[in-house]
Amino acid sequence: MWEELRPLGRDSSSGGYRRFAWTGADTDCRAWFRAQAEARGLAYELDRNGNQWAWLGVTGHQDVAPGEAVVTGSHLDSVPDGGAFDGPLGVVSSFAALDELRGRGAEPTRPLAIVNFGDEEGARFGLACVGSRLSAGALTAEAAHRLRDGDGVTLPQAMERAGHDPEAIGPDPERLATIGAFVELHVEQGRALDLSGDPVGIASAIWPHGRWRFDFRGEANHAGTTRLEDRRDPMLSYAATVLAAREQARLTGALATFGKVSVEPNGVNAIPSLVRGWLDARAAGQDTLDTVITGIERAAAERAARDGVDLDVVRESFTPVVEFQHALRDELGALLGKKSERPVPVLGTGAGHDAGILSATVPTAMLFVRNPTGVSHSPAEAAAEDDCVAGVTALADVLEGLACR
């Protein structure tokens with residue numbers, strides 16, 4: 001499976017992946033998912049929001065009673081020049097875990113499904129977890145229709161070009177109501193497991209996190225003729241805000257990153273008229289996150305006033321803290337503890353996931369697989385083969401315990 005996925009959406013110059021929603025690379029990944037489902041005799045479904053489902057034991061969600069299904073899976077899209085494991089490891093491991101269950105002769109007594117959620121990373125339209133947000137009703141169809149990529153292409157236009165009906169998108173409560181447990185396996189995006197020496201861990205919670213857009217508007221002018229004291233340079237305000245974000249994060253133990261920026265008119269010899277920067281901020285608690293954002297906005301406003309620059313701040317997305325259901329989390333710990341000499345570690349994460357979106361309406365849990373470098377969202381993202389196998393085994397043990405009683 002890895003060899004089949006390896007070339008899809010890979011950039012030869014960076015070695016990373018550019019599997020953006022509703023592009024050719026995304027279409028190739030979707031075709032791969034469907035082929036894997038059909039090769040195993042699973043019933044394939046594409047839901048109204050473009051999420052893919054592969055069902056064992058039923059012909060589709062319409063045959064499942066409320067709360068009966070056990071679902072696993074993740075996503076196949078990537079951030080710009082992302083790594084091979086973030087998302088795909090969960091999908092590949094789901095199919096491999098099903099193969100393992102069949103190899104054990106385990107017979108599911110509950111419907112079992114594998115899912116590929118669309119546009120989890122938000123790399124194209126700027127909003128993470130679009131597929132799961134739409135299904136859960138956390139994103140309205142009207143708001144989704146307003147999403148645009150960097151080239152001005154709207155989400156409906158992109159979906160239509162890829163052969164999906166954008167008028168069909170919206171909440172999918174009947175489908176989600178069938179799910180009694182959703183377990184997402186994911187490569188760890190940090191080094192907690194590497195430091196503890198464990199190949200697999202269980203998620204406790206997802207930190208509250210969000211994305212904010214800072215628009216600094218100054219005055220375009222000639223870089224070679226305009227006196228420094230006559231300038232209204234938004235780049236200075238932006239640069240000072242980047243440093244302020246780092247300082248606020250350091251003081252509070254949070255994380256704050258300006259990872260995307262656009263400049264107008266974007267000329268080497270021109271003072272910018274607009275610098276637009278996107279802030280990603282995360283913290284262990286809501287109060288801490290609020291403190292960080294308030295501090296960054298205050299610093300940005302003070303510097304913008306000093307530079308004669310106008311400032312607008314827009315919160316583009318936000319996800320509150322997610323505490324995974326304790327009963328399901330403890331059940332995973334008990335199932336995995338049967339084959340382990342010591343308790344499976346339970347750890348929090350600052351990364352968002354589809355499991356976090358679904359947790360508001362569906363019992364959810366997550367498994368993490370060790371990442372020896374801790375690097376993620378980069379071609380350097382890694383996981384050892386033995387650890388990936390341990391993840392598959394752990395997921396198979398969990399699915400057997402939940403669905404094969």
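Here is a friendly note on one helix, some aromatic rings and some salt bridges in this structure.

1. **Before you start.** This is a predicted model, in which local features need pLDDT of at least 70 and side-chain atom pairs count only at pLDDT 80 or more, while totals for chains, interfaces and linings use all residues. Residues are numbered from 1 along each chain as its sequence is written, and side-chain values use heavy atoms, with hydrogens and water left out.

2. **Helix H10.** Let's begin with residues 286-307, which form H10 (helices, H or I, of at least four residues and strands, E, of at least two are DSSP runs numbered from the N terminus). At 1.5 Å a residue, its 22 residues should span 32 Å, and the end C-alpha atoms are indeed 32 Å apart (the expected span is 1.5 Å times one less than the number of residues).

3. **Two sides of H10.** Which residues of H10 are buried? They are Leu289, Val292, Ile293, Gly295, Ile296, Ala300, Ala304 and Asp307 (buried is under 20% relative accessible area, exposed over 50%, partly exposed in between, with a 1.4 Å probe and protein chains only). Seen down the axis, these buried residues fall within an arc of 160 degrees, so they line one face of the helix (the arc is that of the directions from the helix axis to the C-beta atoms). Turned away from that side are the exposed Asp287, Glu302, Ala305 and Arg306.

4. **Neighbours of H10.** The packing partners of its buried residues include helix H9 (234-252), strand E7 (209-217) and strand E9 (255-264) (contact means heavy atoms within 4.5 Å).

5. **Aromatic pairs.** The whole structure has 10 aromatic pairs (ring centres of Phe, Tyr and Trp, the last by its six-membered ring, within 6.5 Å; planes under 30 degrees apart are stacked, over 60 edge-to-face, the rest tilted). Phe214 and Phe216 are stacked, 6.3 Å centre to centre with 20 degrees between the planes. Phe214 also pairs edge-to-face with Phe258, at 5.4 Å and 75 degrees. That second pair links distant parts of the chain, as Phe214 in E7 and Phe258 in E9 are 44 residues apart.

6. **Salt bridges.** There are 25 salt bridges (a side-chain nitrogen of Lys or Arg within 4 Å of a carboxyl oxygen of Asp or Glu). In H9, Arg250 and Glu247 lie 3 residues apart, about one turn of the helix, and their closest N and O atoms are 2.7 Å apart. Arg250 is exposed, with a relative accessible area of 54%. By contrast, the bridge between Arg175 and Asp172 joins a buried Arg175 at 5% to a buried Asp172 at 10%.
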